[in-house]
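Subject: Handover of a structure, with findings

Dear colleague,

Please find below the structure that I am handing over to you. My notes on what was found in it follow directly after.

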Amino acid sequence: MFGNECCLSTGEVIKVIGFKINKLIATICENNEVSRFSAKVELPLNFPGLYKVVADKTPYVSIEEITRKVSIGPTRFGHPCFYSPEDIKLANITIKHGEQITFNSVEEVNGTMAVNCGVVRNNQSHSFTLPFSQEGKFYECEDDQIYTLKEIAEWKIPKCRNRIVKLSNTLHTWDSSNPLPENFDGCLILTPVYEVQAVMKFRKDIVHILSDLDVEVKDITDCYDISSFLQPLSLEDVFERTSKEFPMIAEIMEGPSGSQKPYNLLYTGKEIIIYKKYQATRVLASEIRSDSPKRHFLIPMSYKGKFKRRPREFPTAYDLEIARSEKEQLHVVATKAFDSPHKELFSVSVGDQFLVQQCQTSEVLYEGRKKLIDVLACEQILSDTYKKVLLPMYMEGGFVEVIHDKKQYQLSEICKEFRLPFNVKVSVRDLSIEEDVLAAVPGLQFEEEITDSYLLISSASSPVESWEIPVYRLNMSVHLLSKDGQTVVPPVTKTTVEEISEEQYYMVRRYENQTLHPPPRPPKKPTLAPKPVSAVPKQDVSDVLQAPKVQL
């Protein structure tokens, strides 16, 4: 037996712990049409790209059928939404036809199995339960979120049904190894291929049995002591345990892939101490580069390196208004020319330098009438003086920041003193990290602070250092050992900068931005079109950035 393969002998007892989609067979729908000539390709779950789920047109006939076929759980994916074409009258609320119903969890209410549901009316959430016995027609609601194939396989493919998805973002340039047609813009019908997950009495890992294996089995659940088998737990299962149950000692049944420390130390059979669960803050950072793909990182607040500022770029005057702060005056250089359609407002030339002041309104003559528009008050820097000017907020120009601050900052100082996004480069690497991956990156943009779930662990045999491992980005299974953790106080926590994939980056930003209100949109440009703008020649930009510093 090697890895997750197994030999099944006559009389072998196995405990089935779950079913899992192993891969997907995708039927390619060109122009959203399917024929018997439609091509089929095999897609692994880690196939790159982001996808939108197409709502299933076939209704469910009862709440009980939904709970059997659709994943409902505590994670962010486990809250499917449905609607009924008919009103549903309950004791304390009437659900109107077409109203979106969110399914949150399954529980027993007064001896009857039911689903905890909710509807939102006038920004107010109303909760209620629907019993399994509730019948009717229930249709999936349209889903505007995007998902990876792995997320769709785990949460968005109902049992005994296919799933239609539409490619939203390829994330990678097409090449000949890509099974999908070049510039593909149609839909895919995903048919899952399952595998059986099981544990065996004399093995400490999880075995995976393909669903098409030709073998006869007999159900002996009622006449066998299943407590003699190991109970695998995912990191999500461990995280859902109460805080009082920590610390605990566990043995890894399936370790994560990857050579990055500490993941390379988490191999099958290794015993670990899990000290506690908690939420921790990370700064999401991306490599600054014009071509793609960019590298993305999650940086802990414990990072001990130092950073120096790098110039930011601003495509519009509105972005200057967002970036300005009370702490220091924003000094920028124009990299695109702009001819104002109003004589009351300033026309910008390449190389003009400005100190940004504040947003205000100004009266302009527009089609023979006076009109108030939003403008950005600035001071133009001349050779020996300053000139007050007004820039239209809708101005689509281009500006580069001029940096006068040579100070070196800790990560926590940047998050406290400046508004993100913020451009930096590492000036002093973190000496506590064996290989500081950030030090080799020429420039970073700190995009936003995020909060995520972590477990604090260490090796049980030599607990000299501990690590934080992410709960939702690490595929790992453990089983708890029947002994208490002897080391209650965790050893020093090693700082780990986590490099994440392009798909994970989009997922992290998606989850974080769900709780944020979108920023106000910039003012619209008047219908009177300005004259064409001209791009700055590259040699002029370098000359501009070498301009003498200004005493601020």
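Among contacts in the protein chain between residues at least 6 apart in sequence, what percentage join residues at least 24 apart? The figure is 69%. Please bear in mind throughout that this is a predicted model.

Overall composition

The protein chain contains 7 helices and 31 strands. It has 552 residues, of which 43% count as buried. The chain exposes about 31,000 Å², and carbon and sulfur atoms supply 49% of that area.

Strands β1 and β2

Strands β1 and β2 pair in the antiparallel sense, over 4 bridges. One of the bridge partners can be named: T27 is matched with K40 in β2. Along β2, which covers residues 40-43, the side chains alternate. V41 and L43 point to one face and are buried, whereas K40 and E42 point to the other face and are not buried.

The segment before β1 (14-29) holds L8. Together with L213, V215 and V217, L8 forms a nonpolar patch on the surface, with about 360 Å² of accessible area in total. L8 itself counts as partly exposed, because its relative accessibility is 34%.

Salt bridges

The count of salt bridges comes to 22. Among them is the pair of E142 and K57, whose closest N and O atoms are 4.0 Å apart. E142 lies in the loop between β11 (135-140) and β12 (146-147), and K57 in the loop between β3 (50-53) and β4 (60-62), so this pair ties together parts that are 85 residues apart in sequence. Both E142 and K57 are exposed.

A salt bridge within one helix is formed by K150 and E154, with an N to O distance of 2.6 Å. Both residues lie in helix α2, 4 residues apart, which is about one turn of the helix. K150 is partly exposed at a relative accessible area of 28%, and E154 is partly exposed at 40%.

E287 and R289 form another salt bridge, with the closest N and O atoms 3.6 Å apart. Here E287 counts as buried, since its relative accessibility is 10%, while R289 is partly exposed at 33%.

The surroundings of D405

R309, R312, E328, E401 and D405 are linked in a network of salt bridges. D405 lies in the loop between β26 (396-401) and α5. Is D405 buried or exposed? D405 is buried, because its relative accessible area of 18% is under the 20% limit for that class. The side chain of D405 makes a polar contact of 3.3 Å with the side chain of R309. A further polar contact, of 2.3 Å, joins the side chains of D405 and Y409. Leaving aside residues up to four places away in sequence, D405 touches R309 and F418.

The surroundings of Q445

Q445 lies in strand β28, which spans residues 444-459, and is partly exposed with a relative accessible area of 28%. Q445 and A285 are 160 residues apart in sequence, yet their C-alpha atoms are 5.4 Å apart in space. Which residues does Q445 touch, not counting those up to four places away in sequence? They are L284, A285, S286, I288, P421, F422 and N423. With N423, the side chain of Q445 also makes a side-chain polar contact of 3.2 Å.

Backbone geometry

Most residues other than glycine have a negative phi, and most peptide bonds are trans. The following residues are therefore worth listing separately, in view of that general pattern.

- The peptide bond from F246 to P247 is cis, with omega near 0°; P247 is placed in the loop between α3 (235-239) and β17 (248-254).
- The peptide bond from L420 to P421 is also cis, with omega near 5°; P421 sits in the loop between α5 (411-417) and β27 (422-428).
- N110 is not a glycine but has a positive phi of about 55°. N110 lies in the loop between β8 (101-109) and β9 (112-121) and is exposed, with a relative accessible area of 79%.
- C160, likewise not a glycine, has a positive phi of about 70°. C160 is found in the loop between α2 (149-156) and β13 (163-169) and is exposed, with a relative accessible area of 77%.

With kind regards

Terms used
Residues are numbered from 1 along each chain as its sequence is written. This is a predicted model: local features need pLDDT of at least 70, side-chain atom pairs count only at pLDDT 80 or more; totals for chains, interfaces and linings use all residues. Side-chain values use heavy atoms; hydrogens and water are left out. Patches are made of residues with over 30% relative accessible area and no salt bridge: like charges are joined within 9 Å, nonpolar side chains (Val, Leu, Ile, Met, Phe, Trp, Tyr) within 5 Å. Accessible areas come from the Shrake-Rupley method with a 1.4 Å probe; for residues, only the protein chains shown count as cover. A salt bridge is a side-chain nitrogen of Lys or Arg within 4 Å of a carboxyl oxygen of Asp or Glu. Helices (H or I, at least four residues) and strands (E, at least two) are DSSP runs, numbered from the N terminus. Buried means under 20% relative accessible area, exposed over 50%, partly exposed in between (1.4 Å probe, protein chains only). Contact means heavy atoms within 4.5 Å. A polar contact is a pair of N or O atoms within 3.5 Å; within protein, one must be able to donate a hydrogen and the other to accept it, and residues adjacent in sequence count only if both atoms are side-chain atoms. Two strands pair if DSSP finds at least two bridges between them.
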